[in-house]
Protein chains: 2
Amino acid sequence: MSSALNAKELLIRAVECDQVGRILEAQTLYTEGIGQLMQFVNGEPDEAKRKGFLTRIKEYMDRADAIKARINGKLMLGEVVSHVSIDENDTGFDYDQLFGKYMDDKTVEIMLEEPYMTQNYQYQNLIRFLELAATNCPNLKYFRLITKEYKDAKNPDQQETNLGQIKGDLERRNVTVCIKYEDSLHDRKIYLSNGYIIKIGRGLHFYKPANPMYSIGLVNYKFRKCLQTDVDIWRNSSAAS
Amino acid sequence: MSSALNAKELLIRAVECDQVGRILEAQTLYTEGIGQLMQFVNGEPDEAKRKGFLTRIKEYMDRADAIKARINGKLMLGEVVSHVSIDENDTGFDYDQLFGKYMDDKTVEIMLEEPYMTQNYQYQNLIRFLELAATNCPNLKYFRLITKEYKDAKNPDQQETNLGQIKGDLERRNVTVCIKYEDSLHDRKIYLSNGYIIKIGRGLHFYKPANPMYSIGLVNYKFRKCLQTDVDIWRNSSAAS
């Protein structure tokens with residue numbers, strides 16, 4: 001496919017996603033489509049045509065910027081619906097019981113900002129979260145993970161391989177996955193397209209290890225001791241996208 | 001404590017357990033108490049006293065035999081309450097959904113016959129089962145595991161260490177644990193003291209591995225593919241002990 005055709009297709013899909021409120025996916029598609037269109041424009045000898053393309057590009061960029069503002073707005077505004085303080089060594093908390101009821105059939109997109117995805121238990125926590133999504137969000141179409149890039153000296157492909165497995169698995173379940181690396185990321189955040197935002201001070205990783213390994217709590221994290229953290233959940237006032 | 005005093009205490013506890021229907025624990029206590037009493041009798045020079053002890057021992061042995069007959073009777077008789085056939089590659093089955101409702105606050109004792117406890121995933125399955133027990137059976141006092149003894153050439157203490165961790169963990173939760181090794185064991189069986197018996201052709205180990213490792217189903221076994229097996233549950237007609 002020529003890059004112009006490819007760009008056209010990406011941008012049509014971007015507009016479609018934008019219109020039905022799938023804004024995370026729309027943003028990704030706008031960015032990709034604009035990139036492709038740029039490449040094409042650079043190779044276009046006819047100046048009039050080039051100008052036409054640049055005008056179109058400008059329009060798409062404005063749309064993408066508007067989405068960005070909407071996403072950020074969603075993340076900042078709204079009413080607090082739940083606050084839970086977890087004390088050091090508390091037990092009785094798992095993802096389902098903390099925020100499962102906010103993940104529902106209206107959740108079409110999920111964005112997870114989680115800086116640390118480097119250790120086995122962190123990938124397992126991600127799977128735990130996604131299993132909850134697979135159970136509670138039958139209409140999930142798009143998942144965006146933002147995390148820090150990590151190269152283990154002994155096994156430099158480890159992060160790519162593990163996240164690649166997870167991406168492949170979700171895509172077999174018809175969920176489009178976008179993984180973005182941001183090295184300055186610190187805060188943890190879960191954004192659900194039904195209007196809920198979940199902020200946990202330690203993100204998904206607030207459990208102490210099972211001790212000893214083979215003991216109650218190895219699998220069912222309600223029995224696991226926790227690290228101190230706060231869980232704040234709020235709801236965007238303008239609600240579903 | 002002298003072995004006579006020790007034996008007396010064990011046998012008093014055995015009778016107490018027997019009377020309140022904790023027959024698995026009673027059986028263990030009778031066996032231990034009789035063993036201790038035997039040692040004491042062997043060292044008793046007074047023949048009249050020795051005869052007296054031997055009469056007592058005979059009584060306790062009869063009681064222990066009666067319990068054995070009751071346990072076996074429970075395992076054989078009763079009405080079928082549930083039959084589920086799991087086909088190869090089926091999904092949607094976890095322990096809770098298959099038999100969780102039969103594990104309740106009337107379950108004071110559990111006996112698990114599970115020949116294979118040798119691999120990591122098998123210990124994990126045992127933990128999964130015990131987590132369900134910890135969740136659903138608040139009055140659980142006694143757990144008996146019967147399995148085959150296993151010595152890994154590379155790590156001969158592995159089974160002992162892992163089962164020791166599990167035993168220690170349950171005992172911290174006030175559940176007495178008895179682990180028995182029987183090398184001829186083949187059949188799998190779960191006996192609950194509320195009168196239910198759960199028989200799964202493959203025992204606890206009817207799941208295929210997660211593939212790839214990091215995918216939905218790693219933690220939540222409802223998403224795991226299964227091996228073909230039958231789950232039959234029946235209830236003892238004379239009911240709770």
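**Interface of chains A and B and the sheet of chain A**

About 2400 Å² is buried between chain B and chain A, with carbon and sulfur atoms giving 63% of this area; buried area is the accessible area (1.4 Å probe) that two parts lose on being put together, summed over both. In chain B, Glu131(B), Tyr214(B) and Ile216(B) lose the most area to chain A, together 34% of what that side buries. The model is predicted: local features need pLDDT of at least 70 and side-chain atom pairs count only at pLDDT 80 or more, whereas totals for chains, interfaces and linings use all residues. Residues are numbered from 1 along each chain as its sequence is written, chains are lettered from A in the order in which they are written, and side-chain values use heavy atoms, with hydrogens and water left out.

The contact (heavy atoms within 4.5 Å) takes 26 residues from chain B and 26 residues from chain A. No salt bridges are found across the interface, a salt bridge being a side-chain nitrogen of Lys or Arg within 4 Å of a carboxyl oxygen of Asp or Glu.

Chain A holds an open sheet of seven strands with mixed pairing, in the order β1-β7-β6-β5-β2-β3-β4; strands are DSSP runs (E, at least two residues), and two strands pair if DSSP finds at least two bridges between them. The edge strands of chain A, β1 (79–86) and β4 (176–181), each pair on one side only. Strand β3 (residues 142–147) of chain A pairs with β4(A) in the parallel sense over six bridges, and Tyr142(A) stands opposite Thr176(A) in β4(A).

Technical notes:
Helices (H or I, at least four residues) and strands (E, at least two) are DSSP runs, numbered from the N terminus.
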